[in-house]
Amino acid sequence: MRKTFKKLLAMALAATMVVSMAACGGDEGTTGNATPTTPATSGSENAGTTEKKDLDKLTIMVDGTVQFANPAHGGKQFEAELEKLMGIDVEIIMPDHSSYYSTVSQTFANPDKSYWPDIVLMGSTYYVQYAQNGILVDVTDMWNNSEIKASGRVTNPQIFEDSMINGRLYGIAPARGNGCVTYVKKTWLERAGYSLNDLPKTYAEYTEMLDAFAQLSPEGYALTSSGLVNLEAPYTNYLPEFFWNAYPDFYQTESGEWVDGFTQPEMYDALERLADGVANGWIDPEFSTNQTSDCRNKFYADKCGVFTYWAGTWASNLEENLALIGSPSELVALEPIAELGNYIERYAPMWVITSACENPEQAFDLFFGTMLDGAEGQSLWTYGVEDLHWSTKGETITTGTGRKAKSITYADGEFHFRADLETGVSLYNKNHIDPMLAVVAMADGKDVGVNAIEESAVNSANLFYANSVSAPKMVSNDAMYKYYSTVMAARIMLVELVASGEYSIEDAMARYQNEQGANVKAILDSLNK
Amino acid sequence: MEKAKKKKNAVSNKPLSARLYTYRWFYLMFVPVLVFLFVFNFWPLAGLRYMFYSYPDADNIVWVGMENFKRLFGEKMFWTSFVNTLELSLVKLLLNTFMAVIISLLLNEMVNVIFKKVTQTIIYLPHFMSWVVTASVFTLILSYSNAGLVNSVLENLGIIVDGEEIKFLESTEWWRFTYYLINIWKDTGWGTIIFLATLSGISPELYEAAQIDGANRWQRMRWITFPSLANTIITVLILNLAKIMNLFESVFVLTNNQVTDVSQVLQTYVYDMTFGSGADYGFSTAVGFFRSVVGCLLVIVCNYASKKVRGRGIV
């Protein structure tokens with residue numbers, strides 16, 4: 001009896017395995033190689049023979065940068081406005097911001113495409129990878145034939161060129177990628193004996209200032225940073241003054257050859273500067289355990305006087321948050337030091353249509369046609385919902401409570417943002433598209449908030465764009481896909497070990513060659529093929 | 001007695017269908033458990049086939065045979081993770097068990113019941129704190145800058161000087177020590193429950209007899225308490241030994257790039273390979289499978305050891 005039962009159980013399990021393998025087998029048969037595919041293009045070619053089903057719903061996956069998609073910030077009203085403008089049912093999926101790409105990656109790993117959203121927001125690294133893998137729709141023709149492109153409102157056509165992979169476009173960036181500039185507290189400058197006319201212009205002057213700031217800091221460091229090398233290109237965002245022209249990733253030289261920037265002489269010098277920076281108390285020694293929010297909080301709490309962070313809207317955010325806790329709030333954005341030359345602009349996050357979308361052309365027209373319509377739709381993505389996030393009605397807005405309460409009265413017809421729906425302590429300043437970074441302008445007379453941008457934000461953005469270059473072009477192929485995360489993890493670890501003094505530069509590079517040499521070679525061979 | 005035995009035999013001689021019918025309500029009650037096991041334990045096993053595939057996403061699943069294993073065994077970080085898993089788990093297990101025994105013995109010696117109960121409650125509490133909260137609290141307390149409580153205290157006591165603060169969580173030298181300490185703080189209290197239960201089960205007559213014979217407190221502990229606890233200690237060790245490959249959460253929330261060499265364990269390695277950029281589910285499934293195989297072997301070894309020591313297995 002016991003044997004019979006065991007046999008039955010074994011048969012049931014075996015049957016389960018067979019059924020589940022068969023269930024997924026169909027996908028493998030049709031997609032058994034990693035050759036990039038262009039579902040939309042092939043879809044267009046077959047348009048004459050295959051009639052596409054009209055979409056009855058659009059699912060959109062967003063991260064925390066679409067601020068008003070968050071239910072705590074009026075997500076329901078934002079979704080309702082989108083539905084009204086697009087004339088279709090909309091479902092916004094907003095995973096936790098910190099684990100966004102884990103969720104995206106798990107979603108695309110699901111063979112059942114009914115769980116895939118139609119439209120996804122993704123950073124450049126993932127954009128390149130997923131486009132290479134053929135799961136993003138080729139939107140080149142849609143963009144070229146679009147009313148937006150023909151409208152004459154595109155102010156930055158270069159961004160569309162830069163977003164192309166092998167000459168094809170797989171997503172649309174409504175705004176530039178932005179980058180980081182170095183902010184210095186004006187009060188710290190004054191306490192250290194600096195005036196606005198003698199701001200540091202070279203590395204020697206910059207480190208001299210950091211030295212003075214380290215003496216002023218209650219914690220003994222001049223600037224704070226979350227990590228030393230970031231996971232996203234251009235990687236050196238938070239400490240550009242120490243990296244100069246070192247670039248810890250693969251890039252193409254002027255001769256067209258791909259090299260590993262991590263092993264170039266510039267990187268050796270950068271590692272030495274980083275180690276000096278930590279040893280001399282210029283850089284917060286807790287760089288390894290700091291989250292970005294920790295760094296902001298340390299900066300607000302006056303533990304340091306220098307913080308390299310995003311240009312534009314974040315300049316006014318930082319000042320506003322400093323003012324909220326009663327700290328002197330005026331910040332000075334530094335021009336890049338001579339050795340650095342330029343700040344680096346990252347590649348813009350892209351909005352992509354997935355191959356699961358049943359009618360990509362319709363999704364393109366509905367989604368981008370609204371987001372970049374130059375009127376109500378673009379306003380919604382830029383400023384949010386009227387009379388919820390912003391208004392032109394005469395009213396008094398109060399932020400904060402008790403002694404920290406602050407009221408501002410706006411005249412009728414004056415554009416203004418409303419108070420944060422979740423905390424009420426500050427005013428909103430944008431939804432998703434930063435008006436200073438938009439690559440498609442609003443139609444004449446349609447930009448309701450054109451005069452509402454804080455001066456500090458404008459100044460910081462202007463300084464950045466006058467002194468920045470784009471990050472080196474990103475690529476992806478099978479070898480990159482296979483080895484890249486291991487190689488990058490090793491680079492990040494070794495940079496931190498050198499900076500903290502646990503490894504010498506020579507030991508770090510020897511270990512990198514020893515452990516990652518084969519992986520790096522495989523990647524370079526594939527790129528230089 | 002004979003009658004009852006006959007009755008039992010009579011039931012077992014019935015055909016399967018009859019017995020199924022006889023115990024139908026038991027089977028019905030068992031169905032939810034069976035469904036749960038099938039859906040969450042057996043069905044996912046089918047996913048193991050992906051260790052033979054390259055699986056970056058659902059549109060690009062390619063058969064690669066043993067390629068993932070070849071790559072796996074060639075990765076230095078994989079072996080580092082494997083060794084770290086064994087080392088961190090074993091040391092943590094031994095330390096936690098040792099500390100739990102010591103604290104149980106101390107608690108057992110307490111005569112004031114109210115004080116004993118209050119102490120027990122306090123030392124149980126950290127067990128209910130999530131690892132995320134625990135890590136945040138300890139990161140602040142052990143901060144490397146002079147704002148960190150521990151470094152400030154050490155500095156004020158003159159044990160360290162300004163500028164030589166200890167990098168508890170940021171140096172390979174200190175990370176493991178700190179990790180074990182946090183684990184002891186969090187789980188030792190909870191671990192005492194089973195030992196206290198054993199201690200309360202020791203007959204007081206043994207102690208009385210020993211006292212009459214002139215045994216002092218140490219001798220009573222040496223010759224009565226320790227031998228009585230020995231079986232429980234071995235049982236706890238064996239039961240936990242089978243789970244040492246499952247180390248993840250506590251490491252994940254306390255690690256950082258500077259200490260990867262001493263903190264990366266197989267589960268965090270799988271996590272990085274699964275959710276990092278360029279993730280390949282085929283490769284991470286292969287790592288996960290390896291971990292499961294080692295885990296299985298450990299269960300078999302522990303089962304064998306348990307049979308030898310306790311007379312019955314753990315599975």
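What follows is a short exchange on helix H6 of chain B and on the nonpolar cores of this predicted model.

The model is predicted, with local features needing pLDDT of at least 70 and side-chain atom pairs pLDDT 80 or more, while totals for chains, interfaces and linings use all residues. Residues are numbered from 1 along each chain, chains are lettered from A, and side-chain values use heavy atoms, without hydrogens and water.

Me: How do you know that the span of H6(B) is close to the expected one?
Reply: H6(B), a DSSP run of H or I with at least four residues, covers residues 113-124 and reaches 16 Å between its first and last C-alpha. The expected span is 1.5 Å times one less than the number of residues, and for these twelve residues that gives 16 Å.

Me: What makes the buried residues of H6(B) line one face?
Reply: B:Thr119, B:Gln120 and B:Tyr124 are buried, that is, under 20% relative accessible area with a 1.4 Å probe and protein chains only, where exposed means over 50%. The directions from the axis to the C-beta atoms of the buried residues fall within 130°, so they line one face. Exposed B:Ile114 and B:Ile122 sit on the face turned away.

Me: Why is B:Asn112 called a cap of H6(B)?
Reply: A side-chain oxygen of B:Asn112 lies 3.0 Å from the backbone nitrogen of B:Ile114, at the N-terminal end. A polar contact requires N or O atoms within 3.5 Å, one able to donate a hydrogen and the other to accept it.

Me: What makes a set of residues a nonpolar core?
Reply: Its members are buried Ala, Val, Leu, Ile, Met, Phe, Trp, Tyr or Cys, joined through side-chain atoms within 4.5 Å. The largest such set has 181 residues, and A:Tyr127 is among those with the most contacts inside it.

Methods. Helices (H or I, at least four residues) and strands (E, at least two) are DSSP runs, numbered from the N terminus.
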